[in-house]
Every structure is written in C-alpha cells, then in structure tokens.
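Colleague: I am new to this structure. Please take me through one part of it closely.

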Amino acid sequence: MRKPVVGVIGNASRIENRFQVQMVGERNLRAVAEVSGGLPVMFAGSPDITDIAALLDAVDGIVLTGARANVHPTRFNVDPCEKHEPYDIHRDEVALALSVACVARGIPIFGICRGLQEMNVAFGGSLHPEIREIPGRMNHRMPRLENGEIHPDPTVVFADRHDVDLTPGGAFATILGCERIRVNSLHGQGILDPGKRVLIEGIAEDGTIEAIRIAEAPTFALGVQWHAEYDPQHNPINRKLFEAFGEALVERQRVNA
C-alpha cells in the first residue's frame, strides 16, 4: 500500500517585501512524514489556484496548520480591527470550505491552532481576537523578552505552559489515555462560541477551549489550540495525536481500496 498523501495548507507571505509566496512550517511536514507515516504535500491557501474538489480527490487527509494571521472577523459577523491584523482572507476561504468538505466526505482532518479556529468558524462558531483580554484568562501568546521580541530559544517558546482537562470518555481522552494533559501555548485568538457541530473536549485551567471534535464526523476530525506539531517524536501527547491521525489515513485507504 502506498503512503497516504496528506495535504498541508500554506500561508500567504512575502519574502524581501517583494516576492509573494506560500509557506508552511517544516515541523508540520515532519510530523506528518515521521509520525503519521504520510507523504506531506503543501497546497496553496488561495482559492484562485486550489480547487478543493480536485485536492480532496488527490489526498487521504488534510492538516490545517497554525499561522500568524487571524481568521477575518467578518467570517463570524464581527467588525475587523487593525490591532488584530494580519489577516489572510484567501486562506480563510479555502480552510473553511475544506473543513466542511472533509467531514462530509469522510476525509481525516487535523486542525492545529489557527486550524482549530477555522474548523470552529466553518461550523458556525465565533472567535475572540484576544483571549487574554477576557477577565480571568491568562496570556496564551508565545513568550517574549522584556524588550518585546520573541524569545530566541524554541524550547522556551514551545515549553508546556498550562494544563488541559479532557472530556472523560471522549476522543482525546481515548487517544491519549488520560484526562489531563499539559501543553504549549502560542496564540492570541481563540474560540468564543463553539459551532453547532463543534464538541468541546478540552478546556484549559482558565476556561479557554483547547480541543474540539466535530460531531458525527465519520473519521478523524479533531482540532487542538496548542502546537501539536512541536517535537512529536519526543512529546508523547503530540505523538499520540499524529499517530491517531495516521491510523485514520490508513483506514481511509483500506476502505477505499
């Protein structure tokens, strides 16, 4: 049997402030290849050059990665604000449509950070642009130095920072074999109201939604707010999630063989 092909969404970026490119973090590609056992293939987060139906005919699964850009507020009926930029409206269009299409077609989908947020919005949910501004919430953004620059040490940036309580008997508790985990935190935006089919399966100690499942999805359709692509070779929580995603890819291949 061939390796499962996994589409990994790209993000719009600009190199040297001149060249428009699509980019994806290598950690996402390595997690798919080295832990899920798939062949990662980046596709553009742009509806002009990404035909969703053709893409889903060619892949066995989809990963919606994290990204710097926020989901545009108009996607959940909120006015945009400059302080919450940048946005990536083209990725929004692709990712939201993909979230619904994958579930409808029984194609495994794994949403990470922004990917979780996209899945929630796709099913009618809303987001808060700055979780830390909600009373009682912690700062979920990545660690920075006193001068405001991002901390240069990735082991500090991606260090586990808070607990997440999982729904007993839920998909995450079953996959991970426990009901409490500790995860990293590198996000500003987060889920405010869950979508109609979005089941909350993980909540941080401050009440922030950290893990979701799409109800009645025929296969793996999970999202996490933390960066599960970080060091899944050695982090048992992240490894088990990518392994479970890989098992879903193989099962889809078996069923469609």
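Which residues line the largest cavity? Please start there and work outward.

Modeller: This is a predicted model, in which local features need pLDDT of at least 70, side-chain atom pairs count only at pLDDT 80 or more, and totals for chains, interfaces and linings use all residues. Residues are numbered from 1 along each chain as its sequence is written, and side-chain values use heavy atoms, with hydrogens and water left out.

The lining of the largest cavity is made of Asp160, Arg182, Val183, Asn184, Trp226, Asn235, Ile237 and Asn238. A cavity is a set of points, on a 1 Å grid over the protein atoms alone, where a 1.4 Å probe fits but cannot get out; lining residues have an atom within 4 Å of a point. Two elements each give two or more residues to this lining: β9 (180-183) and α7 (236-256). Helices (H or I, at least four residues) and strands (E, at least two) are DSSP runs, numbered from the N terminus. The largest cavity holds about 30 Å³ of space. Its volume is the space filled by probe spheres set on the points, with grid points joined across faces, edges and corners. The count is one cavity of 30 Å³ or more. By class, the lining has three nonpolar, three polar and two charged residues. Here Ala, Val, Leu, Ile, Met, Phe, Trp, Tyr, Cys and Pro count as nonpolar, Asp, Glu, Lys and Arg as charged, and the others, Gly among them, as polar.

Now take β9. In a regular strand the side chains alternate between the two faces of the sheet. Along β9, Ile181 and Val183 point to one face and are buried. Arg180 and Arg182 point to the other face and are not buried. Buried means under 20% relative accessible area, exposed over 50%, and partly exposed in between (1.4 Å probe, protein chains only). The neighbour in the pairing is β8 (162-166). β8 and β9 run antiparallel, over four bridges. Strands pair if DSSP finds at least two bridges between them. One bridge joins Asp165 to Arg180 of β9.

Next, α7. Phe245 lies in this helix and Phe110 in strand β6 (residues 109-112), so their aromatic pair ties together parts that are 135 residues apart in sequence. The pair is tilted, at 5.9 Å centre to centre and 45 degrees between the planes. Rings of Phe, Tyr and Trp (its six-membered ring) pair if their centres lie within 6.5 Å; planes under 30 degrees apart count as stacked, over 60 as edge-to-face and the rest as tilted. Both Phe110 and Phe245 are buried. Ring pairs link these two with Phe220 and Phe242 into a cluster. The structure holds five aromatic pairs.

Another of the pairs joins Phe158 and Tyr230. This pair is stacked, with 4.5 Å centre to centre and 5 degrees between the planes. Phe158 sits in the loop between α5 (154-157) and β8, and Tyr230 in the loop between β13 (221-224) and α7, so the pair ties together parts that are 72 residues apart in sequence. Phe158 counts as buried, at 15% relative accessibility. Tyr230 is buried too, at 14%. Over the ring of Phe158 sits the charged end of Arg27, 5.4 Å from the ring centre. That term needs NZ of Lys or CZ of Arg within 6 Å of the ring centre and within 35 degrees of the ring normal.

Note on methods
On a 1 Å grid over the protein atoms alone, a cavity is a set of points where a 1.4 Å probe fits but cannot get out, and a pocket is an open set with protein on both sides within 12 Å along at least five of seven lines; lining residues have an atom within 4 Å of a point.
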